[in-house]
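Thanks for coming, everyone. I'd like to walk you through one chain today, so let me put it up on the screen.

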Amino acid sequence: MNVPLVLVGVAVVLQAGSSGFLSGRLDGTQSLLFSTVAFALATVVFTAVERVVRPGLRGNGLTLRTHLKPMAYMNVLTAVTFIGFYLSLAYVPASLAISVETAIGPLVIALANRVIRRRPGPASDYLVGSALIICSAGLALRLPSGSTDDLSTGALVIGVGLALLAGVGAAGLALLSERLGQLNVAPVTVTANRFHLTYLAALVLLALEPPTLSDVRSQVPLLLVLAVVAVVVPLYLLQVGLQRADPLKAMTLVTTMPGMTYLAQVAFGAAFDPWAFALTALITVIAVGYAHASRRSPQRAETAVREAAL
């Protein structure tokens, strides 16, 4: 059993279930309030764990000073990913935004491996990445509110562009998380320090159209509970998985999130669509099957060939 990938899968299920429950229940202001509360809470919780429960993880303050640059990049990419996604919801349906964001991850990782990291993978990486994009696009059109007929061209371009930006950011987070894992930075340290720019950006956007004090008082208790289930727990599990798993495999599993969200919506009362269910099943089979398939690095493959020759 590949434990890191199992953790990624559990994180996807928790986030998808939460998204399915929240779908249609939050407006733009409430979403920003939720983002501020959830990411600030995650920062507080894991800072407490890092400093109080397991202070030795910080290495007497050396961890952050030594790896300040990658942690700064982590903050920027996290803010780009989450704020970009939430802003895209102002222009396109959530089903389209989340499908675009998650679908491009594997192909972005495959291209980054070839162009940036100089670690080109097999042709199947690009074929699977392309297949997931096509299937996810079909699923987005079948999901509730997935039609783009009523959208203006400008809104569609801006919304999809923001979702693509969020997807690139998510892929960057996977690659950067792998690097932090190689540097032996504890996942709890990363989680305690990666959300600062995100909750501050959400707070600034919230200040542009602030909720009333009575709304805050009535909503925050529920949002705190949802934050634990939708953000605090799954994002920590995801961080552990991303730091220990192959980024391409991890992002391939993340492509199942729109389908899992759809199933959660059905469980909470949304209409059932057989084509959406079929596409969800197809994406899940492709993603889980490819993530489970063995992958050899070029060095290991070359070693295996030499050993076979001997």
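Let me start with a small puzzle: which residue just after α13 takes a positive phi? That one is G269, with a phi of about 115°. When I say helix, I mean a DSSP run of H or I with at least four residues, while strands are E runs of at least two, and both are numbered from the N terminus.

Quick housekeeping before we go on. This is a predicted model, so local features need pLDDT of at least 70 and side-chain atom pairs count only at pLDDT 80 or more, while totals for chains, interfaces and linings use all residues. Residues are numbered from 1 along each chain as its sequence is written, and side-chain values use heavy atoms, with hydrogens and water left out.

Okay, the overview. We have 15 helices and 0 strands. The chain has 310 residues, and 46% of them count as buried; buried is under 20% relative accessible area, exposed is over 50%, and partly exposed is in between, with a 1.4 Å probe and protein chains only. About 15200 Å² of the chain is exposed, with carbon and sulfur atoms supplying 67% of that. Those areas are Shrake-Rupley with a 1.4 Å probe, and for residues only the protein chains shown count as cover. As for contacts, meaning heavy atoms within 4.5 Å, take those with a separation of 6 or more: 88% of them are between residues 24 or more positions apart.

Back to α13, then. Its buried residues are M257, P258, G259, T261, Y262, A264 and Q265. What do they pack against? The list is α1 (3-22), α5 (94-103), α7, α12 and α14.

Just ahead of that helix, look at T255, in the loop between α12 (247-254) and α13 (257-267). T255 is buried, at 1% relative accessible area. A polar atom of the T255 side chain lies 2.5 Å from the backbone oxygen of T252. A polar contact here is a pair of N or O atoms within 3.5 Å; within protein, one must be able to donate a hydrogen and the other to accept it, and residues adjacent in sequence count only if both atoms are side-chain atoms. Setting aside neighbours within four places in sequence, T255 touches T102, A103, P106, L132, I283 and A287.

Now go to the other side of α13, to F268, which sits in the loop between α13 and α14. F268 is partly exposed, at 48%. Away from neighbours within four places in sequence, F268 is in contact with G17, G20 and F21. F268 and F21 are 247 residues apart along the chain, yet their C-alpha atoms are separated by 6.6 Å.

In that loop there's also D273, and here's my next question: how many salt bridges does the count come to? Just 1, where the rule is a side-chain nitrogen of Lys or Arg within 4 Å of a carboxyl oxygen of Asp or Glu. The pair is R142 with D273, closest N and O atoms 2.8 Å apart. R142 is in helix α7 (residues 123-142) and D273 in the loop between α13 and α14 (274-292), so the bridge ties together parts 131 residues apart in sequence. D273 is buried, at 14%, whereas R142 is partly exposed, at 39%.

On to the rings. There are 4 aromatic pairs; Phe, Tyr and Trp rings (the six-membered one for Trp) pair if their centres lie within 6.5 Å, and planes under 30 degrees apart are stacked, over 60 edge-to-face, the rest tilted. F272 and F277 have ring centres 5.7 Å apart and planes at 50°, so that pair is tilted. F272 is exposed at 51%, and F277 is partly exposed at 40%. Elsewhere, ring pairs link F39, F82 and F195 into a cluster.

Last stop, one more backbone oddity. Most residues other than glycine have a negative phi. N184, though, has a positive phi near 65°. You'll find N184 in the loop between α8 (153-182) and α9 (187-193), and at 70% relative accessibility it counts as exposed.

That's my tour; over to you.
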